[in-house]
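Hi,

Here is the structure I said I would pass on. Have a look at it first, and then read my notes below.

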Amino acid sequence: MARDSVTTLGSTIALKPIYTVGTVGDGTEELRRPTRNLARSVSTTEEERPRVTMEEITALAKRRGFIFQSSEIYGGIGGFFDYGPLGAVLKRNVKDAWWREMVELRDDVVAFDSSIIMHPRTWEASGHVAAFHDKLVDCRNCKHRFRADHLPSLEKCPDCGMSGTLTEPRNFNLMMKTAIGPMEDTSSQAYLRPETAQGIFVNFKNIYQSARKKPPFGIAQIGKSFRNEITPGNFTFRVREFEQAELEFFVPQDGNDLAWFEQWVSARKQWYSDYGVRAERLRFYELTPEERPFYAKAGIDVEYLFPWGWGELESIAHRGTYDLDRHIEYSGKDLQFFDEATKQKYTPILIESSAGMDRTTLTMLVDAYQREAVVEGEKQSERTVLRFHPKIAPVQVGVFPLARNKPELVERARAIESALRPRFRTQYDEGNVGQLYRRQDEIGTPFCIMVDYDSLGDATVTVRDRDSMLQDRVAQSALADYLAERL
Ligand code: ATP
């Protein structure tokens, strides 16, 4: 029965079904939506656009150890990247922040971790075998390859400029194939999953029964996915191996499904805002009925304004009962929910949030990046600073001695760093003071502690704030509390 409001997490949400129901068709439809022309769909002002080029981001990422090209010594491999010492921590922090809000702080979401390779029937049921493709176009002259939906026209090659050299678009399935066992015949063919969600759907019954959950409840997982993208690019934005964080939230058929959808849109908005992503560079684009799959009642693309234009970070969708229905049909197994209380059986409605962790990590890097003029007395210089949110910053506190050739300063700085290490992500470093600050600014460390000669006498240290560059003198004994309050 439809209600006027729903109470969730202690707050009441008014039910305003602003989304219209899409036309219902049958069979499998294209899973891959053509890319909307994001650059032209909404005008952006220069103010909003990040003042950094992707070349600068790529160079910084390599120089400071955030992201490297995969297999670089062999010339690299298109669409694959490695996360360096700082990048690995940055990405882990992004994933942890997602996991914290989406799983740990909720009593209605359970954790899950499924295998990358699944029974091939999974991908027939999901529609990926029949319909997960892009349209591919080749230029007969320059031999370059394009996604048809990325081209302004099929008349002329955008690279060599020749007319009439582009082939007819043909379908190219994006799933990566592999073989199981020693015989590479058709019976051994399997796929690397192109999304993590299907692992959740096929386990729906195992999970709700073992976790003793009933709708409304969700299942979350973070894991690797693979897509044989025709044109990987924009650094780690479009890659062939990436991580997804997916929440599949199952709700009863009681008329509150759209309210749940809206609740998840708000929760995701809050998440981006809590972790400091600039609101003016983020938008929640509402898909039109034509842009949604026929079974979806509502859909939102979360998009960030990258230096090249808008790019999708996440999709939030009301997927109806489509996914479970398809697995019920293909497996012949009963995946419906049986409500012990009412003795009723039904297929729950699914609300999905699917976010790319590599794209979110890239967003954090781009969004945090700032180049600014610094005036110190008579001196004018420039600095690059990454203004990471403290929870996301790979290093939270840098500690250094004023001089590296003074054992008593080094010893004191090392002791402070190791005392703080259990509570914060710390890093000890030594060298030229100006360069140390510059380096820590460039990797986005919110606080730096300098141990000088006075520290040896009065047990106080200098704490420098990354953003304001202001310095405080803080008692060594009060350091942990000082930092905890600010981080
Ligand atoms: P796009 O239109 O950009 O190809 P999509 O609509 O196919 O993306 P979904 O299938 O909705 O993407 O996947 C959910 C999320 O997974 C995306 O919002 C994105 O963050 C991430 N993702 C998908 N494909 C890639 C990729 N090739 N590289 C990195 N992340 C990806």
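**Notes on the model**

Thr122 sits in helix α4, residues 121-125 (helices are DSSP runs of H or I with at least four residues, strands are runs of E with at least two, and both are numbered from the N terminus). Before I go on: this is a predicted model, where local features need pLDDT of at least 70 and side-chain atom pairs count only at pLDDT 80 or more, while totals for chains, interfaces and linings use all residues. Residues are numbered from 1 along each chain as its sequence is written, and side-chain values use heavy atoms, with hydrogens and water left out.

Back to Thr122: it counts as buried because its relative accessibility is 7% (buried is under 20% relative accessible area, exposed over 50%, partly exposed in between, with a 1.4 Å probe and protein chains only). Leaving out residues up to four places away in sequence, Thr122 touches Gln198, Val202 and His327 (contact means heavy atoms within 4.5 Å).

His327 brings us to helix α9, residues 322-331, where Tyr322, Asp323, Leu324, Arg326 and His327 are buried. What do the buried residues of α9 pack against? They pack against α4, α6 (197-202), α7 (204-211), β12, β15 (309-320) and β18 (349-356). After α9 comes Gly332, with a positive phi near 75 degrees.

**Helix α3 and its two partners**

Helix α3 (residues 85-104) and helix α10 (residues 357-368) have axes that come within 9 Å and cross at roughly 110 degrees (axes are lines fitted to C-alpha atoms, for helices over the stretch in contact, and angles run from 0 to 180 degrees between N-to-C directions). That makes α3 roughly perpendicular to α10 (under 35 degrees is roughly parallel, over 145 roughly antiparallel, 65 to 115 roughly perpendicular, the rest oblique). The crossing of α3 past α10 is right-handed (the near helix is turned clockwise from the far one by less than a right angle; anticlockwise would be left-handed). On the α3 side the contact uses Leu90, Lys91, Val94, Lys95 and Trp98, which meet Met357, Asp358, Thr360, Thr361, Met364 and Leu365 of α10. Those residues divide into six nonpolar, two polar and three charged (Ala, Val, Leu, Ile, Met, Phe, Trp, Tyr, Cys and Pro count as nonpolar, Asp, Glu, Lys and Arg as charged, and the others, Gly among them, as polar).

With helix α8 (residues 257-274), the axis of α3 comes within 11 Å and crosses at roughly 140 degrees. This makes α3 oblique to α8, and α3 passes α8 in a right-handed crossing. Val94, Ala97, Trp98, Glu101 and Met102 of α3 make the contact with Trp264, Arg268 and Trp271 of α8. Here the split is six nonpolar, no polar and two charged.

**Strands**

There is an open sheet of five strands, in the order β22-β21-β23-β24-β25 and with mixed pairing (two strands pair if DSSP finds at least two bridges between them). β22 (426-428) and β25 (471-475) are at the edges with a single partner strand each, so one side of each has no neighbour in the sheet. Neighbouring strands of this sheet are turned by 25 degrees against each other on average, direction ignored. Strand β21 (residues 397-401) runs parallel to strand β23 (residues 447-451), and five bridges join them; Phe400 has Met450 in β23 as its bridge partner. Helix α11 (residues 407-420) lies across β21, β22, β23 and β24 (460-465), at about 165 degrees to β21.

Thr462 has its place in strand β24 and is buried, at 9% relative accessible area. Beyond four places in sequence, its contacts are Cys448, Ile449, Met450, Asp452, Gln471, Asp472 and Arg473.

Elsewhere, β19 (residues 369-376) and β20 (residues 379-386) pair in the antiparallel sense over eight bridges, with Ala373 opposite Glu382 in β20. The two strands form a hairpin with two residues between them, and Gly377 in the turn has a positive phi of about 60 degrees.

**One loop residue**

Arg240 lies in the loop between β11 (217-226) and β12 (241-251). Is Arg240 buried or exposed? At 17% relative accessibility, Arg240 counts as buried. Its C-alpha atom is 5.0 Å from that of Gly79, 161 residues away along the chain. Among the contacts of Arg240 outside its neighbours within four places are Gly78, Gly79, Phe80 and Met176.

Cheers
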